Structures are given as C-alpha cells and as structure tokens.
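Please open the model in your viewer and keep the sequence panel beside it, as the stops below are given by chain and residue.

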Amino acid sequence: MNEPKRPLPRADEFDTQAFWAGTKDKEFRYQQCKQCETVVFYARRHCTGCLDGELEWKVASGRATVYTYSIVRQSYHPFFRNQVPYAVAWVDLEEGPRILSNIVGVEDPLTEVAIGMPLEIEWEEHDDLCIPLFKPA
Amino acid sequence: MSQDRDAAIVGIHEYPSRDVEGEVSPLQIKAESASRALKDAGLNWSDVDAIYDAGEAGGMAGLTMAEYFGLSPNVIDTTNVGGSSYEFHAAHARRDIRAGKAKVALLTYGSTAHSNARAIGVGGRGGASMHPAENMDAYAGMTLIANYAMVAHRHMHQYGTTSEQLAEISVATRMHAMRNPEAVRAMEDLEFLDIRETTISDVVNSRMIADPLHLLECCMISDGGGAVVIASPEIARDCRTDPVWILGSGEATKYPMSGGDITTSAAAQSGPQAFLEAGVTPSEMDVAMIYDSFSITVLALLEDLGFCPKGEGGRWVEGGRLRFDRPNDGPALNTDGGGLSSNHPGMRGIFLLLEATRQLRGESTSQVADAKLAVAHGNGGMLGSRHAAGTIVLGRD
C-alpha cells in the first residue's frame, strides 16, 4: 500500500489554476486591480472592489508573518494523523494576501510558533505543482 | 418601544435520544419531531403551509420533504447556512407570514452523526474540492477544531484572554446540563468518562485537542433533531401554547479577508439588526442561547452581539456570571446544557430556538425566574474562516 499523501489542490480549478501554475516556478502569485488597487486573493476572474476592474498578476516576495495559528494534536485524516503535532496558521504576506498554510522547519511546534513571527516560503515539491509552506525567517 | 407581534413559535419538540444506534434515519427523526411539535401547538399536518429545510437529510429537500411529510406547502425554503440555518429559517418564516404567504411554518432537523461515526470535529478536510476557496485551503490539514482554535489564539494575543476565562463557558454549560435529564442521558449514551459538574481546573487540565482548545471546550457529536412550528397571530391565538414572538432577526456572513480581524464574527453584523428591529438591547436579555461549538465561539459571539465590548469577553464571563441562577449579572447561557454537554448532531441551530422557547414558557430545567426576553444566535460554517450568523430575538407576552 502507498503511503498516504497530502491532499493536493486541483491544478485545473477555474479560478485558482493560474495561482497553482505559478507554484511550478515557485512563484507566489496574487492579483491586484489596475483600476481600484484592490488586492484579490484567492485568485478570481472578477475584481471584488470595482465593476470594471482589470486584474494584474503580481508575485509576492514570500516574506510573511503568523497572523494566528493552532497546533493540531488529533486528526483522523490518513495523511495528517501521522503528522501530529503540526502547526496550521493563517499567514499574512507582506503584500497583503492572507493564506492558510503550515509552519514547518521548527523542532517543536508546541513551543516555537508564535503570533507575529516572521516567516518565509518553503516550497514543497510535487509532480504538477508546489505547495507554499512557511518556515521561520 | 412597540414591537411587532406578527409571528410566534407555537410548537416545539426536541428529539430525546442522542444515540439511536443506527435504528432510526434522519428523515424519521424529522417527521417524528414535526408531528410532536404540531401536537404541542394543537395543530395538525394539514395546517402547515410553509416548510423550511436545510437539506441535511439529503435528497434535494425542496422537492422531497413535502412529499415525505405528506404536505402541499405554498412556501418552500431550503436555505442552508450550516448550523445557523434554523435562525435563518425562523427569520424567513416570519417574513413569509408577515407577507401573507403562509400561516403555519414548519422547521425540522434530523441527524445521525453519532451513529454514522462521522468525525465532525477532527477530520482533516481531505480531497481537493472544486470550490476555489477550498482548493486553496485543503492541503493545510486544518481540522475543524483547529479552525476555531486559531480564533482563540488570536483573541488571547489581542486581548489577553486566558484558557481559564474560556473554561468559564464550559463550566456554566455543564452545570446547566447536569440539571437536564436528557443532557445527562446524552452524556451517558455517548460514554462521557466523568459525568459531573466541572471546574475551571478540570477544563484547562483536560487533553489538548488543538492548541489552545482542550477536550472540555469542544462540543459532543450526537444524534438528534427537533422541530419548530411558527404561526401567524391569528393561528397563535388558538394554539394550546403561549406564543413566543419573533421580535427581530439578523443575518450575515463573513469570510477570510486580507487584513481582516478574525476575532470579530458575522454576529457583529447580524446582532445589531436583530436588536434594532426588536427594539431591545442585549442587556435586557434574560437568556442567551449562543451556538457553543467551542468555548471560543461563545466568547466571540457574546462580544459581537454586544453583551460586552470587543475583547472584554474573557473578563466579563468570569466568576460564574453565565449561570442561570445569577439573573442580575446578565443573561443565562445555554440553559439546556448546550452543544458542549447536551446536543450537537452537527447543526445545532434548532436547539437554540427550542430552549429559548422553553425558557420563555417557563419550562426549562434551569429556568430563569420570570424570563421575558431571549436571544438565539446560530453560527454556521467555521468561525475562523467562512461562516454565517443568524440572530433571533424572542419575547413573550
């Protein structure tokens, strides 16, 4: 039997496919409207700030901070049950987007993760895309 | 302030079992609850001309529930906003009755989540969905409890809230549960290990599930269901129960936004609408039935509904303030024993309406003396990401 794997996004989902395509090159892409400057994330086809918006793709630096987090101690998911304890977090990128991800690269997530902690992207490589995880900067 | 009395809860039923051992279906729980609630009101199937259904029992409810019940309603509403669906349904029923589209509205709920051994709380949200938001989230392995725990962590960070303060919610709720024989039987049937009143120390020393939330801050996963009958004033006058009037309602949703404040929920939008329409203030509430999926849910919602300023909830709940026998300190919280200790089959919203009605009829096992006003607030979805809020203000004559 194969090892259980991390659930991966669908690379062909209509709105987010361009984001996931960018991860192949380890680019964290987000959108900003040329008309009203609204930052749109997750990716969409329409501007959420104005009606005639023109969304432009930008690439984030990868610098980020922990907005909030939890350490999962119990999971029944075939993959994640073997990862406990692990950190899930809402992560604020310097450019604005907030993304749900994991904090990795810490010896002990129970003591080494904190709100406000500076982070940088750590890409986890898969066949058709990369997953943006975050580690202490 | 004059209040419109144009729709009232006239019949209720809470399905008594929390463990049907796979012998009863959700549809059967809905139908049995409906018949008992209609009987409670002194009405019959043939009186029902509007049905409200969240579709939790499956099968494209808008097409199939009327047939299952054997009804021919003029109004069919299948709003599904998770656990807050029933507050939305109550609001819509009142709206439809006011508009003259219906006279007797039936709301039902049935679930066998426990029998199905459905891991509501700790299942990873595996498998990528085709919804773009979920296509961004699923890889992180956020459990439902971790979602709420992230709200708690941020609340602690911003306002200095402590686990001991959050535990006050669990302690008061369990105290109420121990007075409710159905809640005690629920805990027995679900094999709770130590069924007794708890202390703050018990809660904060229970097993950590997702930091900073402990086991005794998490709701149970039960079977169950119930029904509510809402009627026009003309019908209500002839019912065998005293009417519990829907005085105001509010609806809202919230979702993750860049730069948004995760500690403030959609209740901050739905609550003021409901209180304004009812012409009352939170401080006048005798009873607060607040969706207690987790301790933090209640704390954030109490603040957002306006019982205390944002961030002060931790200090506000201290010292057993939420108990039913402290009427001068503000509303009694979840006097049936809540989702934490009485009934949580996945979508608890209907039970908030049921216990609020019992309180205003004087029928609760933790009765607040002379209770006149109650608020029922449902939170559907997930507090730490996308969720819905339904607020209903109820009052008796």
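**The nonpolar cores**

In this predicted model, begin by selecting A:Phe28, A:Ile99, A:Ile103, A:Phe134, B:Val10, B:Ile296 and B:Val393, which touch the most other members of the largest nonpolar core, a set of 110 residues. Next, colour helix H5 of chain B, residues 144-159, which contributes eight residues to this core and thereby gives the most to it.

Now centre the view on A:Ile99 and, leaving aside neighbours within four places in sequence, display its contacts: on chain A these are A:Phe28, A:Phe41, A:Ala89, A:Trp90, A:Val91, A:Leu93, A:Pro132 and A:Phe134, while chain B supplies B:Met136 and B:Tyr139. Apart from the largest core there is another, of 40 residues, and you can find it by selecting some of its members, including B:Ile12, B:Tyr86, B:Leu360 and B:Ala371.

**Backbone stops**

Most peptide bonds are trans, and most residues other than glycine have a negative phi.

Select A:Phe41 and A:Tyr42, where the peptide bond joining them is cis, with omega near 5°; A:Tyr42 belongs to the loop between strands E2 (39-40) and E3 (55-59) of chain A. Then move to A:Val84 and A:Pro85, whose peptide bond is also cis, with omega near -10°, and note that A:Pro85 sits in the loop between strands E4 (64-72) and E5 (86-93) of chain A.

For positive phi, go to A:Lys26, with a value near 55°, in the loop between helix H1 (17-23) and strand E1 (29-33) of chain A; A:Lys26 is partly exposed, at a relative accessible area of 39%. Finish at B:Asp370, where phi is near 55°, in the chain B loop between helix H14 (349-361) and strand E11 (373-381).

Conventions: Residues are numbered from 1 along each chain as its sequence is written. Chains are lettered from A and ligands numbered from 1 in the order in which they are written. This is a predicted model: local features need pLDDT of at least 70, side-chain atom pairs count only at pLDDT 80 or more; totals for chains, interfaces and linings use all residues. Side-chain values use heavy atoms; hydrogens and water are left out. A nonpolar core is a set of buried Ala, Val, Leu, Ile, Met, Phe, Trp, Tyr and Cys residues joined through side-chain atoms within 4.5 Å. Buried means under 20% relative accessible area, exposed over 50%, partly exposed in between (1.4 Å probe, protein chains only). Helices (H or I, at least four residues) and strands (E, at least two) are DSSP runs, numbered from the N terminus. Contact means heavy atoms within 4.5 Å.
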